[in-house]
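Please open the structure in a viewer and keep the sequence beside it. The tour below proceeds from one selection to the next.

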Amino acid sequence: MNAVTTTLDHIVVAARSLDEGRAWCRETLGVEASGGGKHDGLATHNTLLRLGAPDERRYLEIIAIDADAGAPRFPRWFGLDSAAVQREIAHGPRLVAWVARCAGAPDAIERFAATPGYAANVVRPASRGDFRWRFAFTPDGERIAGGVLPHLIQWDVAAHPAERLPDSSVRLSSLLLGAPDPDAALDMLGLLALDDGFVHVGQSATPHLVATLTTPNGIVILD
């Protein structure tokens with residue numbers, strides 16, 4: 001039987017609008033984002049950028065509130081409704097969260113979401129086109145540990161979005177999780193069975209994410 005594990009699936013950049021996010025991607029990373037769509041029930045929409053080869057199954061998501069979608073049925077993910085995230089993105093798109101992919105068992109995400117002390121314990125199904133997945137939300141839509149700990153996703157189809165995205169020439173070198181209590185963060189990542197050499201934990205006075213990318217514009221640090 002395969003081990004039930006998690007690994008980095010995608011990193012999340014929030015923007016005040018998707019047009020702003022696309023412009024940021026062109027100017028900062030030197031490439032065009034593509035793909036994505038609308039999220040029913042959440043009143044958000046996104047566009048994507050592949051990070052690495054298709055079989056690495058890793059991408060960057062640019063997400064924004066969809067002003068034309070009306071009110072969400074439940075709190076938006078990644079703290080987009082919160083004053084804290086709105087302050088963070090007030091002067092431009094920012095890296096706000098990351099998502100780990102569950103694998104190894106059909107109910108892997110439900111098992112991990114039930115981990116004592118893990119805040120994203122509400123698992124909801126979603127779909128778009130021929131993609132189907134389950135996602136672990138916090139009940140109030142807030143990020144987990146200020147974004148240091150991952151939300152969880154489990155893809156319920158063989159395909160993955162990264163496989164259908166064009167090569168962006170952008171590569172993820174590392175994701176550093178800056179945590180006020182790094183030992184507690186490491187303990188939770190252990191309980192979530194994270195197995196990913198790109199993810200590192202360090203000490204920080206406040207929760208802080210730092211992604212290092214190689215891009216057509218050179219090395220870019222997102223924080």
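Begin by selecting Arg26 and Glu32, which form a salt bridge whose closest N and O atoms are 3.5 Å apart; a salt bridge here is a side-chain nitrogen of Lys or Arg within 4 Å of a carboxyl oxygen of Asp or Glu. The model is a predicted one, in which local features need pLDDT of at least 70 and side-chain atom pairs count only at pLDDT 80 or more, while totals for chains, interfaces and linings use all residues. Residues are numbered from 1 along each chain as its sequence is written, and side-chain values use heavy atoms, with hydrogens and water left out.

Arg26 is partly exposed, at a relative accessible area of 38%, and Glu32 is likewise partly exposed, at 48%. In these terms, buried means under 20% relative accessible area, exposed means over 50%, and partly exposed lies in between (1.4 Å probe, protein chains only).

Next, select Arg134 and Asp156, a salt bridge with its closest N and O atoms 2.7 Å apart. This pair links distant parts of the chain, 22 residues apart: Arg134 lies in strand S7 (residues 131-137), and Asp156 in the loop between strand S8 (151-155) and S9. Helices (H or I, at least four residues) and strands (E, at least two) are DSSP runs, numbered from the N terminus. Arg134 is buried, with a relative accessible area of 14%, whereas Asp156 is partly exposed, at 30%.

Now select Asp167 and Arg171, whose side chains meet in a salt bridge (3.1 Å, N to O). Which residues are linked in a network of salt bridges? They are Arg50, Asp167 and Arg171. Asp167 is partly exposed at 44% relative accessibility, as is Arg171 at 29%. The structure holds 16 salt bridges.

Turn then to strand S9 (residues 171-179), which runs parallel to S10 and is joined to S10 by five bridges. Leu175 has Val199, in S10, as its bridge partner.

Widen the selection to the open sheet of four strands, ordered S10-S9-S11-S12 with mixed pairing; two strands pair if DSSP finds at least two bridges between them. Strands S10 (199-203) and S12 (218-222) stand at the edges with a single partner strand each, so one side of each is left without a neighbour in the sheet. Neighbouring strands of this sheet are turned by 20° against each other on average, direction ignored.

Finally, select helix H4 (residues 182-191), which lies across S9 and S10 and runs at about 155° to S10. Axes are lines fitted to C-alpha atoms, for helices over the stretch in contact (heavy atoms within 4.5 Å), and angles run from 0 to 180 degrees between N-to-C directions.
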